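Colleague: I would be grateful for a close look at one part of this model, with particular attention to how its helices are arranged.

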Amino acid sequence: MKLSDIGEFGLIERIRPVLSEDLPPYMLGIGDDCAVIQRKGSRSMLVTTDLLIEGVHFLADRISAYELGYKSLAVNFSDIAAMGGEPESAFLSIGLPEDTGIDWLDDFFLGIKDLSGSYNTMVAGGDTTQSREGIIINFTVIGSADPGRIKYRSTALPGDLICVTGNLGDSGGGLIILLGGMDENSDPNLKTLVRAHHLPRPHLEEGRLLAAEDGVHAMLDLSDGVDSDIRRVMENSGVGAEIEIEKLPVSPELRNACSRYGWNHYELAAAGGEDYCLMCTVEADSYRTIAGEFRKRFNRELHSIGHITNTGRLQYMEKKRSIDIGKRGWDHFRK
Ligand SMILES: [Mg+2]
């Protein structure tokens with residue numbers, strides 16, 4: 001059997017029993033957006049790490065050094081946001097080919113600094129090494145959260161509404177543009193989508209507001225797309241889900257690009273990936289109040305896109321009828 005037979009999630013299931021079983025009760029290990037370590041005092045420690053490899057996660061000739069630095073850190077902040085935490089320090093390990101330009105590196109660090117500075121997070125260490133092929137970037141971010149307020153993937157309940165904190169599919173549209181070699185400067189809609197792909201804003205404030213609500217049960221960040229990420233909630237919480245495809249929030253820019261270039265906006269919104277907003281499940285009775293607070297604070301909707309069921313299955317609905325959406329979210333290693 002090869003790695004391609006089991007996929008990324010199969011790989012994680014093989015690692016867990018060998019390296020992450022028998023953890024003490026004050027630790028949550030593999031399987032959520034962050035590890036959670038209970039410390040003495042009032043705050044829990046959150047730890048998350050992400051590895052980005054040139055050619056797999058980014059195309060060095062299509063993303064600027066500034067954007068790459070920013071995005072490498074932003075995706076980690078997004079995992080801290082998913083638990084309702086605050087980032088505190090970051091550690092950067094990089095593998096670089098020896099012909100990497102110094103100007104490129106200066107811009108890369110500037111992208112990191114602009115994001116870390118806006119959240120008062122220090123880059124406190126790391127490692128550098130030579131890479132024989134391509135750029136390799138690994139960030140580890142340490143954060144903290146109030147232990148009573150941390151939200152997990154495993155706590156969704158049947159009847160909960162499934163909600164998202166931002167538009168879906170812009171980043172997936174941006175990726176099509178980049179992979180297809182389209183000129184984003186030819187159309188302002190395309191520029192917006194590529195920007196969403198390169199400069200995702202971590203929803204840290206949204207995460208903290210939602211984490212403070214008892215009516216919010218489960219939460220995670222949308223890295224692989226609703227279709228893939230809701231399955232993580234289903235597996236961890238032992239529930240099913242019904243998604244109403246017309247309720248997936250789509251930006252006007254994505255809608256315009258979809259009608260102009262013949263893309264399917266449902267498919268992009270459900271499975272485009274790398275949205276980096278948050279998905280949470282909210283007790284139905286609390287939704288109005290929580291969505292009202294969300295609107296007051298952020299001047300945007302907390303979009304309800306479906307609900308948690310007890311069927312164990314994922315079902316998509318369009319005009320109250322069950323439909324099949326074709327593509328599934330991104331899974332590393334699977335063809
Ligand atoms: Mg995540």
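Which residue follows α10, and what is the sign of its phi? Please then set out how the helices around α5 pack, together with the wider setting.

Modeller: The model is predicted. Asn 299 follows α10, and its phi is positive, near 60 degrees. Helix α10 itself covers residues 287-298, a run of 12 residues. From its first C-alpha to its last, α10 reaches 16 Å, close to the 16 Å expected at 1.5 Å a residue.

I turn next to α5, beginning with its packing against α4. Helix α4 comprises residues 170-179, and its axis lies 7 Å from that of α5, at an angle of about 105 degrees. An angle of 65 to 115 degrees counts as roughly perpendicular, and α4 is therefore roughly perpendicular to α5. On the α4 side, the contact involves Asp 170, Ser 171, Gly 173, Gly 174, Leu 175, Ile 177 and Leu 178. These meet Leu 190, Thr 192, Leu 193, Val 194, Ala 196 and His 197 in α5. By class, the contact of α4 with α5 consists of seven nonpolar, five polar and one charged residues.

Helix α5 (residues 188-198) also packs against helix α8 (residues 252-261), here at an angle of about 120 degrees and with the axes 9 Å apart. The two helices are therefore oblique to each other, and their crossing is left-handed. From α5, the residues involved are Asn 189, Leu 190, Thr 192 and Leu 193, which meet Glu 253, Leu 254, Asn 256 and Ala 257 in α8. That contact divides into four nonpolar, three polar and one charged residues. Leu 190, Thr 192 and Leu 193 of α5 thus appear in the contact with α4 and again in the contact with α8.

A further helix pair is formed by α2 (residues 65-82) and α6 (residues 204-211), which pack at an angle of about 10 degrees with their axes 8 Å apart. This angle makes α2 roughly parallel to α6. Phe 77, Ile 80, Ala 81 and Ala 82 of α2 make the contact with Leu 204, Glu 206 and Gly 207 of α6. Its residues comprise five nonpolar, one polar and one charged.

As to the wider setting, the domain assignment places residues 31-147 in domain 1 and residues 161-323 in domain 2. Their C-alpha centres are 23 Å apart. The contact between them draws 18 residues from domain 1 and 19 residues from domain 2. On the domain 1 side, the residues touching domain 2 are 10 nonpolar, three polar and five charged.

Conventions:
Residues numbered from 1 in each chain as written. Predicted model: local features only at pLDDT ≥ 70, side-chain atom pairs only at ≥ 80, totals over all residues. Domains from an automatic or database assignment. Contact = placed C-beta atoms within 7 Å. Nonpolar A, V, L, I, M, F, W, Y, C, P; charged D, E, K, R; others polar. Axes fitted to C-alpha atoms, helices over the stretch in contact; angles between N-to-C directions. Helix = DSSP H or I, 4+ residues; strand = E, 2+ residues; numbered from the N terminus. Parallel < 35°, antiparallel > 145°, perpendicular 65-115°, else oblique. Left-handed = near helix turned anticlockwise from the far one by under 90°. Expected span 1.5 Å × (residues − 1).
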